[in-house]
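Trainee: I have not looked at this structure before. Could we go through it by question and answer?

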Amino acid sequence: MGILTGKKGIIFGALNDKSIAWKAAEAAAREGAEIVLTNTAAAMRFGTTKILGKQLQAPVIAADATSVSDLEALVESAMAHFSGQFDFVLHSVGMSPNIRKSIPYENINYDLMGKTIDISALSWHKLLQVLYQKDAIRKGGSVVALSYIAADRVVSGYSDMADAKALLQSITRNFGHIFGKERGVRVNTISQSPTMTSAGSGISGMDKMFDFANKLAPLGNASAEACADYIVMLFSDYTRSVTLQNLYHDGGFSSMIVNAEVL
């Protein structure tokens with residue numbers, strides 16, 4: 001029996017086999033969970049989410065994470081599929097139009113910044129609010145979002161995504177307090193190492209950032225597969241008293257300043 005045997009949940013953002021959400025879905029299924037997969041309709045057209053759905057025998061439901069009505073429909077469909085409440089959710093959603101258009105932070109387009117915040121942070125609040133209002137998560141359940149160290153430290157080139165991740169972590173603490181007190185549900189974020197996902201590869205200088213972090217971290221960069229295992233642990237009952245946390249999963253990078261390899 002796996003550590004998620006009998007548990008059920010939703011995984012957002014499994015675009016292709018390079019994505020952390022894809023690895024998390026595979027790991028959750030390996031550990032005995034039943035899952036529902038979701039992504040935007042556009043991402044599903046250009047990605048391979050449906051292939052993963054067939055592989056894991058999981059329903060794939062299109063939803064725009066910035067749309068409350070889409071999220072409501074998704075959660076209602078998941079509750080119908082699972083015949084009631086479920087146990088976990090992974091929010092792996094983020095995108096910056098400013099970064100995609102190579103617009104520097106000091107000359108930011110504010111309309112595009114609003115879209116970054118909506119996609120990468122407010123979607124988290126909307127999701128938590130829908131889950132709370134519909135009483136969708138069982139007591140003892142776990143909701144996890146992916147963050148990054150740029151929420152706490154300056155990472156050149158991460159631009160308005162850093163602001164979005166800082167807001168994501170604030171929402172985690174504030175909504176997590178309510179969810180914990182009222183429903184016994186855990187809410188956490190994970191700050192993962194630089195990872196060569198499709199989204200990460202779009203950031204200028206990502207290859208150099210990856211190499212630098214890998215040299216500085218005592219254990220090297222954590223892989224997407226290792227992050228998936230960490231996510232599964234947070235979904236499990238082994239972390240039943242962990243909430244309101246931003247948890248670094250980065251091989252020790254976040255505690256380092258310098259070592260001989262980077263000098």
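Mentor: The turns below go through the sheet, its strands, a helix pair and the nonpolar core of this predicted model.

Trainee: In what order do the seven strands of the open sheet stand?

Mentor: The pairing in this open sheet is parallel. Neighbouring strands are turned by 20° against each other on average, direction ignored. The order of the seven strands is β3-β2-β1-β4-β5-β6-β7.

Trainee: Which strands stand at the edges of the sheet?

Mentor: An edge strand here has a single partner strand, so one side of it is left without a neighbour in the sheet. The two that stand this way are β3 (60-62) and β7.

Trainee: Are the residues of β1 buried or exposed?

Mentor: Take the two sides of β1 (8-12) in turn. Lys8, Ile10 and Phe12 point one way, Gly9 and Ile11 point the other way, and none of these is left out of the buried set. For β1, then, five of five residues are buried.

Trainee: Which residue in β2 is the bridge partner of isoleucine 10?

Mentor: β1 and strand β2 (residues 34-39) run parallel and are joined by five bridges. Between them the chain passes through helix α1 (residues 20-30), in a β-α-β crossover that is right-handed. The partner of isoleucine 10 in β2 is valine 36.

Trainee: And which residue in β4 is the bridge partner of isoleucine 11?

Mentor: β1 also pairs with β4 in the parallel sense, over three bridges. In β4, isoleucine 11 has as its partner leucine 90.

Trainee: How many residues of β6 are buried?

Mentor: Strand β6 covers residues 186-192. On one side are Arg186, Asn188, Ile190 and Gln192, on the other Val187, Thr189 and Ser191, and both faces are covered. The count of buried residues in β6 is seven of seven.

Trainee: Over how many bridges do β6 and β7 pair?

Mentor: On its β5 side, β6 pairs in the parallel sense over six bridges, with asparagine 188 as the partner of valine 144. On its β7 side, the pairing of β6 with strand β7 (residues 246-249) is parallel too, and isoleucine 190 has leucine 247 as its partner. The number of bridges between β6 and β7 is four.

Trainee: What is the handedness of the unit made by β5, helix α7 and β6?

Mentor: Strand β5 spans residues 137-147, and helix α7 spans residues 159-183. Together with β6 they make a β-α-β unit, and its hand is right-handed.

Trainee: How do α6 and α7 lie to each other, roughly parallel or roughly antiparallel?

Mentor: The axes of helix α6 (residues 110-133) and α7 come within 9 Å and cross at roughly 10°. Angles under 35 degrees count as roughly parallel. The two helices, α6 and α7, are therefore roughly parallel. By class, their contact has 17 nonpolar, five polar and four charged residues, and the relation asked for is roughly parallel.

Trainee: Which element gives the most residues to the largest nonpolar core?

Mentor: This core has 30 residues, and Phe12, Phe86, Val89, Trp124 and Leu131 touch the most other members. The elements that give two or more residues to this core are β1, α4 (68-82), β4 (86-91), α6, β5 and α7. With six residues, the element that gives the most is α4.

Methods: Residues are numbered from 1 along each chain as its sequence is written. This is a predicted model: local features need pLDDT of at least 70, side-chain atom pairs count only at pLDDT 80 or more; totals for chains, interfaces and linings use all residues. Side-chain values use heavy atoms; hydrogens and water are left out. Buried means under 20% relative accessible area, exposed over 50%, partly exposed in between (1.4 Å probe, protein chains only). Two strands pair if DSSP finds at least two bridges between them. A crossover is right-handed if, with the strands pointing away from the viewer, the path from the first strand over the helix to the second runs clockwise. Axes are lines fitted to C-alpha atoms, for helices over the stretch in contact, and angles run from 0 to 180 degrees between N-to-C directions. Angles under 35 degrees count as roughly parallel, over 145 as roughly antiparallel, 65 to 115 as roughly perpendicular and the rest as oblique. Ala, Val, Leu, Ile, Met, Phe, Trp, Tyr, Cys and Pro count as nonpolar, Asp, Glu, Lys and Arg as charged, and the others, Gly among them, as polar. A nonpolar core is a set of buried Ala, Val, Leu, Ile, Met, Phe, Trp, Tyr and Cys residues joined through side-chain atoms within 4.5 Å.
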